[in-house]
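Work through the exercises below with the sequence and the structure at hand. Each task is followed by a solution in steps.

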Amino acid sequence: MQLHISPSLRHITVMTSKGVKEFIKVKVGSRKLSYKTFFYSLLLLTFLIRFIFVLSSVDIIDDHIKCSTIGCLGKKLSPSVLRGRNLQSASDVPQVIYQILEDSSSQDEIVGGPDIPQTLEEFVTSMKGSNRPNAKTFAIKLKNMITLLEQRTRTAKVQEYLYRHVASSSIPKNLHCLALRLAHEHATNAAARLQLPLPELVPTLVNNSYFHFVLASDNILAASVVATSLVYNSLRPEMVVIHIITDRKTYSPMQAWFSLHRLAPAVIEVKALHHFDWFAKGKVPVLEAMEKDQKARAHFRGGSSAIVANNTEKPHIIAAKLQAMSPKYNSLMNHVRIYLPQMFPSLNKVVFLDDDLVVQSDLSPLWEIDMHGKVNGAVATCKGGDKFVMSKQFKSYLNFSHPLISKNFNPNECAWAYGMNIFDLEAWRKTNISENYHYWLEENLKSDLSLWQLGTLPPGLIAFHGHVHVIDPFWHMLGLGYQENTSAADVERAAVVHFNGRAKPWLDIAFPELKKLWTKYINYSDKFIKSCHITAS
């Protein structure tokens, strides 16, 4: 048996093995089918076709086909279900179905009960057991069953997003343990307080013939994995300089870790933000914006409980709002990159790395890329095999219903990724990128967070607009923290794999197969790792 559906969705042809054709004409006139109505219709058609196939097969075996497929279906179930055997009556069935499915009076929340089938098997049984089955009863039972399943699916999705939000927002106790033990080591062991780098290596910090990488993080283990994977895969590790920027509370344990775990011959520098004179003494617009941003978000969001209690919004919208509440997006570490020209006034070019990635290849060729006068070398995220991650345009991040956004930017312009970026600091110093960044942060706060609601990428897209040079996607593979169905071959080929998303590799919610890419750079025999019960599983 074959099923043919016309492009207009108004004619369905069922061809049996005997060559008999029947047509179901969907009389929807000029009305436009909604997605929900189409879903119900498709499920109904699937149900009908399954019955047609079974009944036709039985008739073929018994060798007594004496009626058409649709007619036989009506005869087997009951003449009243399809309102007779003839084709003209059968074509009235969809109209009855649509009337029930589009009835807005029954859109209130359905409470599960014994009268609502819980499975397809129960649905079929209830229809067979009905005294007077007809198309209206069929549609009502079908609609109630699907609506109930939709409600349960939505509830389960929202709960999953809430649990993942809680898991991703908290600090695992083993990482907290590691920070405390290293802080104690810093206070009691002189070897954990060594100057980084050693005095004879200090000149390399401003020598532009070296490959300079900047990493901003308050996660010691994550920073260690990035630095270790970077040096391990470098073809010229003696030319690698890694500048690690952290906050005041993490500085001591971070310095202790890299003092006791040297990555020679690479050069490691560890500095806290308060070590920079311009940051400690001057006015820092991002700090002021962050303080206002936290107050605005607390008032605007109403907390995670208020977000999940909203029964009218779709689950993916709720997920986005929960993610916007993540501490990561209120962390100064996430804004540090906008101050790179001030932080490293003697450097011409740096590669900035996030702390949730793994380096798998030598990155020195990045210094050979001609940026054509642009400031930011980044991977574009509007095209690629992975439609979930690589389908981002400006409209994915910015609110184009706001006139300030719509009159200044193109919604279909290709977005790009933070995480692994080449920054030409010489070219940057000739622009007003940092000033634009601060301006748009203020504008978003003035508009009650209506220009964008999530993260530091939206203001980055705006500030670096017109200053981005797109690089080969080989250099930066994204999405390992969002989904696990990532191609193993693509992962192996990528120079850098990025666990952007909630499922960070140091969390229990990480995807097991992808987590292995990260854990391979941790020495689980290390005394600090062992004492804090940090394991690969």
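**Exercise 1.** State whether Glu443 is buried or exposed, and find its place and contacts.

Solution. Begin with the area: Glu443 has a relative accessible area of 16%. Buried means under 20%, exposed over 50% and partly exposed in between, with a 1.4 Å probe and protein chains only. Glu443 is therefore buried. Next, locate the residue: Glu443 belongs to helix H17, residues 433-446. Helices (H or I, at least four residues) and strands (E, at least two) are DSSP runs numbered from the N terminus. Last, list its contacts (heavy atoms within 4.5 Å): leaving out residues up to four places away in sequence, Glu443 touches Leu404 and Leu451.

The model is predicted, so local features need pLDDT of at least 70 and side-chain atom pairs count only at pLDDT 80 or more, while totals for chains, interfaces and linings use all residues. Residues are numbered from 1 along each chain as its sequence is written, and side-chain values use heavy atoms, with hydrogens and water left out.

**Exercise 2.** Describe the largest nonpolar core.

Solution. Start from the rule: a nonpolar core is a set of buried Ala, Val, Leu, Ile, Met, Phe, Trp, Tyr and Cys residues joined through side-chain atoms within 4.5 Å. The largest such core has 69 residues, and Phe213, Phe258, Leu363 and Val497 have the most contacts inside it. Helix H8 (residues 220-232) supplies the largest share of this core, nine residues. Another core, of 46 residues, lies apart from it and includes Phe279, Met343, Phe394 and Leu441.

**Exercise 3.** Classify the aromatic pairs Phe394 with Phe409 and Trp416 with Phe464.

Solution. Rings of Phe, Tyr and Trp (its six-membered ring) pair if their centres lie within 6.5 Å; planes under 30 degrees apart count as stacked, over 60 as edge-to-face and the rest as tilted. The count by this rule is 13 aromatic pairs. For Phe394 and Phe409 the centres are 6.3 Å apart and the planes make 45°, a tilted pair. Phe394 lies in the loop between strand S9 (376-379) and helix H15 (403-406), and Phe409 in the loop between H15 and strand S10 (420-424), so the pair ties together parts 15 residues apart in sequence. Phe394 and Phe409 are both buried.

For Trp416 and Phe464 the values are 5.9 Å centre to centre and 85° between the planes, which is edge-to-face. Both Trp416 and Phe464 are buried.
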